[in-house]
Amino acid sequence: MSDVWSARAQAFRDSPTHREGPDLDVLVEMCEPGEGVKVLDVATGGGHVARRLREEGCTVVTVDPAPGMRPDVIARAEDLPFGDGSFDVVTCRIAPHHFADVRKAVAEMARISQRLVVVEDNLYVDEQVETAERLRDPTHVRCYSEEEWKEMLTDSGLEVERAELFERHPNVDDWLARVETPEDDAQRVKELLGDRISDGAVRFQSIVLKARQSQG
């Protein structure tokens, strides 16, 4: 699977949905960035979170399973090769829906963070949308609801301090082309998404959550 993502690397580096947006601004703010803050960016992808946090003065280490994403460390989110509390902040943006074992990944992020875990991902809508997501991109595993996210973070010993929802409207053809969805499958995806597509854009909602190590 890492070979698939290596082949997609440039598309994700160039993707407007990943490169910018109010959701990215809020995620960066939630990380409480500053000089000397040590951050681990999990599933860094195009490296947009890492770039922004470095601009804020943070020391950032990137990790991703795909060598083509050019991470500092090649590893899955479920198997992070760092000691307990190695970083002040661990962050992960628009990637967990690809994780084979999302609970293990969240537990790993919590283990490695001394202070904060800040995550963003697309929200679960319904099984029809999940079917469309998997047809568009077979590496898609599942999106999760706000309640599921809060439960996973809490179960990992974190206290959720803040959660914000964002509407995202990627161009549907660009969204399909980014992962090279075959034409027949692309048409079926559009049918499944139906009224979620308007004026050439598909409507999604994402959630950004800020969770702190429990003091209790």
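This briefing walks through the charged and aromatic side-chain contacts in the structure above. Keep in mind that the model is predicted. A search of the whole structure turns up 25 salt bridges, and it also holds three aromatic pairs. Below is a pick of both, plus two spots where a charge sits over a ring and a look at who surrounds Asp-88.

**Salt bridges between helices and between strands**

- Lys-190 and Asp-173 make a salt bridge, with their closest N and O atoms 2.8 Å apart.
- That one ties together distant parts of the chain: Lys-190 belongs to helix α9 (residues 183–193) and Asp-173 to helix α8 (residues 172–177), with their positions 17 residues apart in sequence.
- Lys-190 is partly exposed, at 25% relative accessibility, and Asp-173 is partly exposed too, at 44%.
- Salt bridges with shared partners also build a network here, made up of Glu-32, Glu-161, Lys-210 and Arg-212.
- Within that network, Lys-210 bridges to Glu-161, and the closest N and O atoms are 3.9 Å apart.
- This pair also links distant stretches: Lys-210 sits in strand β9 (residues 204–213), Glu-161 in strand β6 (residues 158–168), and they are 49 residues apart.
- Which end of this bridge is buried? Lys-210 is, because its relative accessible area is 10% and the cut-off for buried is under 20%.
- Glu-161, on the other hand, is partly exposed at 43%.

**A salt bridge with a buried acid**

- Arg-76 and Glu-78 meet through their side chains in a salt bridge, at 3.7 Å from N to O.
- How accessible is Glu-78? Its relative accessibility comes to just 3%, so it counts as buried.
- Arg-76 keeps a relative accessible area of 40%, so this partner counts as partly exposed.

**Aromatic pairs**

- Phe-82 and Phe-87 pair up edge-to-face, 5.3 Å from centre to centre and with 85 degrees between the planes.
- Both of these Phe residues, Phe-82 and Phe-87, are buried.
- Tyr-144 and Trp-149 make another edge-to-face pair, at 6.2 Å centre to centre and 85 degrees between the planes.
- Why does that pair get the edge-to-face label? Because planes over 60 degrees apart count as edge-to-face, and here the angle is 85 degrees.
- Tyr-144 is buried with a relative accessible area of 9%, and Trp-149 is buried with 1%.

**Charges over rings**

- Phe-87 turns up again here: the charged end of Lys-38 sits over its ring, 5.5 Å from the centre.
- So Phe-87 has an aromatic partner in Phe-82 and a Lys charge over its ring.
- Arg-142 lies over the face of Tyr-124, and the distance to the ring centre is 4.9 Å.

**Around Asp-88**

- Where does Asp-88 sit? You'll find it in strand β4 (residues 87–93).
- Asp-88 counts as buried, with 14% relative accessibility.
- Leaving out residues up to four places away in sequence, Asp-88 touches Gly-36, Val-37, Lys-38, Ser-113, Gln-114, Arg-115 and Leu-116.
- Lys-38 is worth a second look, since this residue is among the contacts of Asp-88 and also places its charged end over the ring of Phe-87.

Note on methods:
Residues are numbered from 1 along each chain as its sequence is written. This is a predicted model: local features need pLDDT of at least 70, side-chain atom pairs count only at pLDDT 80 or more; totals for chains, interfaces and linings use all residues. Side-chain values use heavy atoms; hydrogens and water are left out. A salt bridge is a side-chain nitrogen of Lys or Arg within 4 Å of a carboxyl oxygen of Asp or Glu. Buried means under 20% relative accessible area, exposed over 50%, partly exposed in between (1.4 Å probe, protein chains only). Helices (H or I, at least four residues) and strands (E, at least two) are DSSP runs, numbered from the N terminus. Contact means heavy atoms within 4.5 Å. Rings of Phe, Tyr and Trp (its six-membered ring) pair if their centres lie within 6.5 Å; planes under 30 degrees apart count as stacked, over 60 as edge-to-face and the rest as tilted. A charge sits over a ring if NZ of Lys or CZ of Arg is within 6 Å of the ring centre and within 35 degrees of the ring normal.
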